[in-house]
Amino acid sequence: MEDPTPSRLSTPPLPGIKLFNLTGRTALITGGSKGLGLAMAAGLASAGAEVMLVSRHPNEAQAAAEQVAHDFKCRAFAHAADVTLPADVDGMLTAAENALGKVDILINSAGINIRGPITQLTLEQFTQVMTTNVTATWLCCRAVVSGMRARKWGRIINMASALGLIGIAGRTPYTASKGAVIQMTRTLALETAADGITVNAICPGPFLTEINRPVASSEEFQRTVINAIALKRWARLEEIQGAAIFLASDAASYVTGSTLTVDGGWTAQ
Ligand SMILES: NC(=O)c1ccc[n+]([C@@H]2O[C@H](COP(=O)([O-])OP(=O)(O)OC[C@H]3O[C@@H](n4cnc5c(N)ncnc54)[C@H](OP(=O)(O)O)[C@@H]3O)[C@@H](O)[C@H]2O)c1
């Protein structure tokens, strides 16, 4: 074990900005065609990374990649895959390695929500949420670990949720799935810690993306969620970017197995 009390820094301090520089890094982002995935892709590209954006709809993924490439003058690729399908996940990794050369950073942002009281939900709906949010995250993590391990560097960021930390009525599939993502994150962090790989989860509060359209204008959502948040408002899309850049960068080299809340203080109480 290294000396726990060195008298000097083992590496000279870097100017702050370099800690967050992702130049030379490559990122694969599932759910990258829109919402938080696209916002995080833009964030990583702004910090210097090359990115591949994945969703089931090739035209949407392509449009998103073109937007990022244009806005940040960087290489950005698109790939169509259903991440719940093991063969698609294998194809996605091959496509990413062909386009980017390697995958340094994986962000698992593909996710869905199906809401309703438990007695009104079907087993198929529960399974659909668990398969997309949990099984697909596990498949994508499994796909990238060997390459990261061989290169002795990797960053895996799983999109969990504040609803992986607290309960809310009418969300049994979603809260169960995000709790599972947090536990998967912790366990994989332990498994890969010796290999230069960090694995962390981001727990966002409410962002006004497609996934929240069904509840966006509901009074019940305003009362039970927005009013319960310390900052008393929806998050702005760009407010997810700092967390993603941080966890993907050298600034977070000693951060693994953690859950970083970006929830306006929702879970602080
Ligand atoms: N927005 C929030 O308030 C919030 C809060 C907490 C956590 N989160 C989590 O953050 C992540 C991103 O959410 P978001 O707000 O960005 O949602 P979104 O706007 O609905 O985007 C979801 C993304 O996932 C993709 N996707 C869904 N199923 C897929 C599949 N089987 N294979 C490949 N791609 C798939 C979608 O593309 P296609 O439909 O084209 O496949 C889309 O790109 C999710 O995991 C969500 O649970 C969001």
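Which helices each supply at least two residues of the shell around the ligand? Keep that in mind while I walk you through the fold. One caveat up front: this is a predicted model.

Okay, the sheet. We've got 7 strands in an open sheet, and the order reads E3-E2-E1-E4-E5-E6-E7, with parallel pairing. At the edges sit strand E3, residues 76-80, and strand E7, residues 259-262, and each of those pairs on one side only. Going from one strand to the next, the twist averages 20 degrees.

Let me zoom in on one pair. Strand E1, residues 26-30, runs parallel to strand E2, residues 50-55, and 5 bridges join them. If you want a spot to click on, take Thr26: its bridge partner in E2 is Glu50.

Now the helices. H5, residues 123-151, packs on the sheet and touches E1, E4, E5 and E6. Its direction makes about 170 degrees with that of E5. Then there's H2, residues 35-46, which lies across E1, E2, E3, E4, E5 and E6. Relative to E1, H2 runs at about 170 degrees.

And that brings us back to the ligand. The helices I was asking about are H2 and H5: each gives at least two residues to the shell. H2 gives the most, with 3 residues. In total, 30 residues surround the ligand, and the closest are Gly31, Gly35, Arg56, Gly111 and Thr209. For those of you thinking about the chemistry of that shell, the split by class is 11 nonpolar, 14 polar and 5 charged residues.

That's my bit, thanks.

Key:
Residues are numbered from 1 along each chain as its sequence is written. This is a predicted model: local features need pLDDT of at least 70, side-chain atom pairs count only at pLDDT 80 or more; totals for chains, interfaces and linings use all residues. Two strands pair if DSSP finds at least two bridges between them. Helices (H or I, at least four residues) and strands (E, at least two) are DSSP runs, numbered from the N terminus. Axes are lines fitted to C-alpha atoms, for helices over the stretch in contact, and angles run from 0 to 180 degrees between N-to-C directions. Two residues are in contact if their C-beta atoms, placed from the backbone, lie within 7 Å. A residue is near a molecule or strand if its C-beta atom, placed from the backbone, lies within 6 Å of it. Ala, Val, Leu, Ile, Met, Phe, Trp, Tyr, Cys and Pro count as nonpolar, Asp, Glu, Lys and Arg as charged, and the others, Gly among them, as polar.
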